[in-house]
Each structure stands twice: as C-alpha cells, then as structure tokens.
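Biologist: I've got a fold open on my screen and a few things to ask before I go back to the bench. Can you walk me through it?

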Amino acid sequence: MIERYREFLPVPSATPIISLGEGNTPLIYSPRLSERVGHGCEVFVKNEGINPTGSFKDRGMTVAVSKAMERGTKALICASTGNTSASAAAYAARAGISCVVILPAGKIATGKLLQAFIYGAKIVAIDGNFDDALRVVRELGETDDFTIVNSINPDRIAGQKTAAFEIVDELGDAPDFHLLPVGNAGNITAYWAGYREYLARERSTKLPSMIGFQAAGAAPIFYDRIIDNPETVASAIRIGNPASWKQARAAIIESQGAIDVVTDEDILAAQSWLAQQEGIFVEPAGAASIAGLFKWCDSDDGAHSFQKILESSRIVCTVTGHGLKDPDMIIRRMKDLKPIAATVADVRRAIEL
Ligand code: F0G
C-alpha cells in the first residue's frame, strides 16, 4: 500500500517498510442496496474486512510501524476495542519488536483477543472501558522506547486516508456520499483528509458528504456530550469520548454531511442482511454504515433522508471489520445441529427435497 501511494505519505525511500500486503480492498457494487435507495443511485461497499488482520486498521498500522522503525522504537503500545490491538500485534511481529495492548476487560470480541494473543502481544486487561484504556496509554506517553499506535498518532491517519484514494481511483471521481461507522473518529478524519488531498492534487473534481454512524448507546458526537458508560453490541465502537472528536465534527460540517445513530437491533439486522443478500460478512460495528443507509432510506425526515438526494448519486459505504472476529452473538442464534443417518434418503428428507 505504501509503495502505491508513497507520494501522499510521510514515507521517504530511507524508511524501512513494514507491510503485510494491506490495502487494495474490494469496492463492491451492490445491486440490492442500490435498488433499496432507488433514484437511480449506485451503492458500493468498500470491504475493509479484507485486510491482513481483518480490519481497516492495517492501513494506518503499516505507516505507523514503518515510521516507528525508522525512529528505532523498541515497542508499540495501544489501547483498543480489539482491532487496533490485533493489527498492532501483527505489525509488531512482522517488524520484530514487542507490542503492549491495553484492553477493557471482558469487552473484546473473541477473534480479536485471539489475534493479539497469537501474534505475541503483551495483553493487559483493565477494569474500565476503552476511554479509560486510552487515558492510561496517553499518561504513559511516548518515550524513546514506546510508540503509541492509536489514531492519535498522525501516521495512522496518514495511512488510513489511502482508502479514500483507492475509491476515487476506482470510481474515476469521489462519490457523492460516504457512509461509515464512527468510534474513536480516526477513520472519518482520515477519509476526509484523503478526499481533500485528492481534490487539491486534481485527482478528483468533487468532495463527498461524510455521513458517520454511531451506536445509539455510544454516541457522544451525536449527543454532543461525553458518554461515561457507553454500551453497544458493536464492541469495536463502544467509545464515549472519541480522541478525534473535533476533527470528525469538522469533516461533517465542511462536507455538509451528518452524524446519526443506529440501534443495536438495526446493526445486527444490517449485519445479517449484508451476509444473506450480498455475501459480505462483517462484524457488528462494520455493519453500522449499512444500518445507517437503511435508516436514511426508510426515513421521510428531510435532513436525515435519502428521499431528497439527487438522482443517480454514487454512495460508498465502508464496512470496517471481518465478521469472523466476533462470532459470539451469532453462535447464540444458531440451533444445535442434530446428526442424521448418512444416507441419501435421510439427507433428502432433511433438506425437504
Ligand atoms: N469499525 C471497527 C470494526 C473498528 O474496530 C473501529 C474502531 C471503528 C469502526 C471505528 O473507527 O475509531 O476510527 O472511528 N476500533 C478501534 C480499535 C477503536 O481499538 O480497534 P474509528
């Protein structure tokens, strides 16, 4: 990824590149979502679950870890709701340095915790939420030995903006609307930076409206106040005091976009819909953009609605993480499989053929 977009990244040729082949993720045209929106609109899904550790974090991590190596860092440190820790642990392993991850106890999706473990990170669980973990990381601070690889590290944002570049390169211009989940608000900040930079370099002719979706129980930007005890089934975005709050606000205002909320029920319904209608399996937080698209399609309310959008708009929804990371809610919904006799007759009966 760094090679492709090096001219837009703070990575001169002397920087050692730590890469796992991130980026270049599929931008999938979605006929059923397009039909649902109507008005001749085209909806595309940018599937960031198809990155080496299964989330968009890898784009930022390749740049942050490459820069950390250039500076001679011995260890990475981050707070995380799961995906940042998985990504940091993998890139640290690749770089041959150590990684410390500070996690809210009991709130990390199973797959993500397994990733941090198998990549060899030093895992510390705290009694508190993500916001507490990030506070501790900030207080520990940067030292000569440590590099913080949360999105408060500008190299993370620089790497993540390449997703916007890929979208413009593929569509031939920026889309009209860009929908994405919002947690700590680094990603919306990064996309907006990417779109503006491409416009400034005349790689595109317009900017999209940025539309962010938070989980209803963890929506500080929407409600404009810190949420002390954020709660949502989408544990990746269970954040009450986002680090890039101001930048996210700026992106929304400058782009004439919006911030809205989706309920846990909406999120899980959108997750199943996307899997069953489009064959794309994402984790709950990743489905917030799709839940948001549905909410806007089904709403008559002027400002928060696609009812009044221009005909033939192009809409991109980013889905941020792979579904296999967070199997617990789905396993609960599955019925036990009762084995039957291994005969064609029994199988035919079971599938009602
Ligand atoms: N979707 C997923 C799957 C995430 O893991 C995150 C953030 C977001 C959306 C929100 O992105 O924070 O840039 O607004 N996960 C972080 C983590 C907080 O620690 O893995 P954001």
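What follows is a short chat about the sheet, the core, the ligand and a few residues.

Modeller: Quick note before we start: this is a predicted model, where local features need pLDDT of at least 70 and side-chain atom pairs count only at pLDDT 80 or more, while totals for chains, interfaces and linings use all residues. Residues are numbered from 1 along each chain as its sequence is written, and side-chain values use heavy atoms, with hydrogens and water left out.

Biologist: In what order do the 6 strands of the open sheet run?

Modeller: Strands here are DSSP runs (E, at least two residues), numbered from the N terminus, and helices are runs of H or I with at least four. Two strands pair if DSSP finds at least two bridges between them. The pairing in this open sheet is mixed, and the order is 1-2-10-7-8-9.

Biologist: Why is one side of strand 1 and of strand 9 left without a neighbour in the sheet?

Modeller: Strand 1 (27–29) does have strand 2, joined to it by 3 bridges and running antiparallel. In that pair, I28 stands opposite V45. One side stays free because strand 1 and strand 9 stand at the edges, each with a single partner strand.

Biologist: How many residues of strand 7 are buried?

Modeller: Buried means under 20% relative accessible area, with exposed over 50% and partly exposed in between (1.4 Å probe, protein chains only). On one side of strand 7, F177, L179 and P181 are buried, and on the other H178 and L180 are too. Strand 7 also runs parallel to strand 8, with 5 bridges between them, and H178 stands opposite M210 there. So the buried count for strand 7 is 5 of its 5 residues.

Biologist: Which element gives the largest share of the largest nonpolar core?

Modeller: A nonpolar core is a set of buried Ala, Val, Leu, Ile, Met, Phe, Trp, Tyr and Cys residues joined through side-chain atoms within 4.5 Å. The largest one has 35 residues, and those touching the most other members include L33, L179 and L293. Elements giving it two or more residues include helix 2 (31–37), strand 7 (177–181) and helix 13 (288–298). The largest share, 7 residues, comes from helix 13.

Biologist: And how many residues are in the other core, the one with Y5 and A164?

Modeller: This core lies apart from the largest one. L180 and A185 are also among its members. Its residue count is 33.

Biologist: What share of the ligand's accessible area does the protein cover?

Modeller: There are 19 residues around the ligand, counting any with a heavy atom within 4 Å of it, and the closest are S80, T84, N184, A185 and T320. Polar side-chain atoms come in from K57, at 2.8 Å from a ligand nitrogen, and from T320, whose side-chain N or O atom is 2.6 Å from a ligand nitrogen. A backbone N or O atom of T81 lies 2.8 Å from a ligand oxygen. Of the 480 Å² of accessible area that the ligand has on its own (Shrake-Rupley method, 1.4 Å probe), the protein covers 99%.

Biologist: Which residue's backbone nitrogen does the side chain of Q214 reach?

Modeller: Q214 lies in strand 8 and counts as buried because its relative accessibility is 0%. At 3.1 Å, its side chain reaches the backbone nitrogen of F222.

Biologist: Last one: how far apart in space are L171 and F44?

Modeller: L171 lies in helix 8 (residues 162–171), and at 12% relative accessibility it counts as buried. L171 and F44 are 127 residues apart in sequence. In space, C-alpha to C-alpha, they are apart by 9.8 Å.

Note on methods
Polar contact = N/O pair within 3.5 Å; in protein donor to acceptor, adjacent residues only side chain to side chain.
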